[in-house]
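Work through the exercises below with the sequence and the model open. Each task is followed by a solution in steps.

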Amino acid sequence: MVELVVFLIAAAICLGGAIGVIVNRNPVHAALSLVATLFGIAVLFIAQEAHFLAAVQVIVYAGAIVILFLFVLMLLGVDRSEDLTIEPIKGQRITAAIVGVGILGLTLIALASTSGEATGARAEPGSANEIAEGVADIEQIGESLFTDHLFAFEITSVLLVIAIVGAVMMSRKVRREDRVEDPLVAAHQAEAEARAAAAAAVSPDSDTHADAEEVEA
Amino acid sequence: MLAVAEVTPSWYLVLGALLFSAGAVGLLVRRNPLVMFMCVELMLNAVTLTFVTFSRMLNDVHGMTVVVFVLVVAAAEVVVGLGIIVALLRKQPTATADDLSILKG
C-alpha cells in the first residue's frame, strides 16, 4: 500500500516535471520543472532500495547540473520567454508527436513481448555482483566499480579533464593579441592583397593609355 | 478498502518509457538550445531509472554501476554543451537551435 502511494506520487511528480520542461515558455521555469523530475526519480530510486544512487542523483543532478543551467541562463540574461506558438518548420510538431508516440509504442511492445519480465541472465547466487540482503548498496557499487569496472572508472577521469579543458577553451573570451592566425586564411588574404595591388598598379597604366588615346584622337 | 494493486517492476519501466518519449518530443519541439539540453537530461534520467529497475529485476549490481557512469558522462556532456552555448549566446543573445549552423566562431 505504501509502495503504491509512493510510486504514484513520485510518478506524477516525474511526469508533471517532464511536461513542464516541454511546455514552459520561460527557460528558468523549465529548469525548475527539471528539478521536480529529478527529485521524483530520486524517490523512485529509494523505493527500489538504491539509496546511494538517490543521494547522488540529488547531489549531482539537482545540485550541480541544474545549477549550471541556471547559472548560464541568468549570467547570459537569456531567460526571456520563447514564443511557443511559432512553428519554425512546417509539420514539425506533428512529426515530433509521431516520433514520440512511436518510441513509446516500441518500448511498450518490447516490454509486453516479454510480459514484463527481464530477459537477461540473473546474477549467479553467491557471486560478487549479486545484490545481497543486508549489505549497503554503496558497498556493493563501490566493490563493482573498483574491481570489474576499474578501467572504465579510470578512463572517466580522463573524460572529465577533457570536458573541463573543452569548457574553458569554449567559454573564454579571445583577446585580439591572443588570436591565432590560421595560416591558410593568412595566405588567402596575402594573395588577395597582392591581386588588389596588381590591379591598382595596372589601372593607372590603363588610365594613361586612355589619356594617350584621347590625346591621339 | 480499495483493492491494492501491487507495484511490479514493469510499472517503473513504463514510467521510464513515458519519460524518455517526453524528452524526445521536447528535444524535437523546442528551439532554445538550453531547453533542448534539459530534454536530453530527461531522456538520460529515464534510462537511469530503467537501469536501476533492471538491476533490481536481475538482482545484479552492475546495473547500478552503469548509472554512476551515465551520471559522469551526463555531467561532462552538460559542461561542454553549455560551453558551446555560452560562446554562441555571447555573440547572439537571441540564438535558437537554427543559428547553431554557424558554429564557427
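**Exercise 1. The core**

The largest nonpolar core has 61 residues, a nonpolar core being a set of buried Ala, Val, Leu, Ile, Met, Phe, Trp, Tyr and Cys residues joined through C-beta atoms within 7 Å. The model is predicted: local features need pLDDT of at least 70, side-chain atom pairs count only at pLDDT 80 or more, and totals for chains, interfaces and linings use all residues. Residues are numbered from 1 along each chain as its sequence is written, and chains are lettered from A and ligands numbered from 1 in the order in which they are written.

Task: state which residues have the most contacts inside the largest nonpolar core, and which helices supply at least two residues each.

Solution.
- Step 1. The residues with the most contacts inside the core are A:V21, B:M38 and B:L42.
- Step 2. Chain A supplies at least two core residues from each of α1, α2, α3 (51-76) and α6 (150-171), and chain B does so from each of α1, α2 and α3. Helices are DSSP runs of H or I with at least four residues, strands are runs of E with at least two, and both are numbered from the N terminus.
- Step 3. The largest share, 14 residues, comes from α2(B).

**Exercise 2. The two chains**

Task: for chain B and chain A, give the number of helices and strands, then the buried fraction of chain B and chain A.

Solution.
- Step 1. Chain B has 3 helices and 0 strands, in the order α-α-α.
- Step 2. Chain A has 7 helices and 0 strands.
- Step 3. A residue is buried if 20 or more other C-beta atoms lie within 10 Å of its own, exposed if 12 or fewer, and partly exposed in between, with C-beta atoms placed from the backbone. Buried residues are 51% of the 105 residues in chain B and 18% of the 217 residues of chain A.

**Exercise 3. The contact between the chains**

Task: describe the side of chain B that touches chain A.

Solution.
- Step 1. Chain B contributes 65 residues to the contact and chain A contributes 70 residues; two residues are in contact if their C-beta atoms, placed from the backbone, lie within 7 Å.
- Step 2. On the chain B side, α1 (9-29), α2 (33-58) and α3 (62-91) each supply at least two residues.
- Step 3. The most comes from α3(B), with 21 residues.
- Step 4. By class, this side of chain B has 47 nonpolar, 12 polar and 6 charged residues. Ala, Val, Leu, Ile, Met, Phe, Trp, Tyr, Cys and Pro count as nonpolar, Asp, Glu, Lys and Arg as charged, and the others, Gly among them, as polar.

**Exercise 4. One residue of α3(B)**

Task: locate B:A75 and name the residues it touches.

Solution.
- Step 1. B:A75 lies in helix α3 of chain B.
- Step 2. B:A75 has 18 C-beta neighbours inside 10 Å and therefore counts as partly exposed.
- Step 3. Not counting residues up to four places away in sequence, B:A75 touches A:V60, A:A64 and A:I65.
- Step 4. B:V14 is 61 residues from B:A75 along the chain, and their C-alpha atoms are separated by 26 Å.
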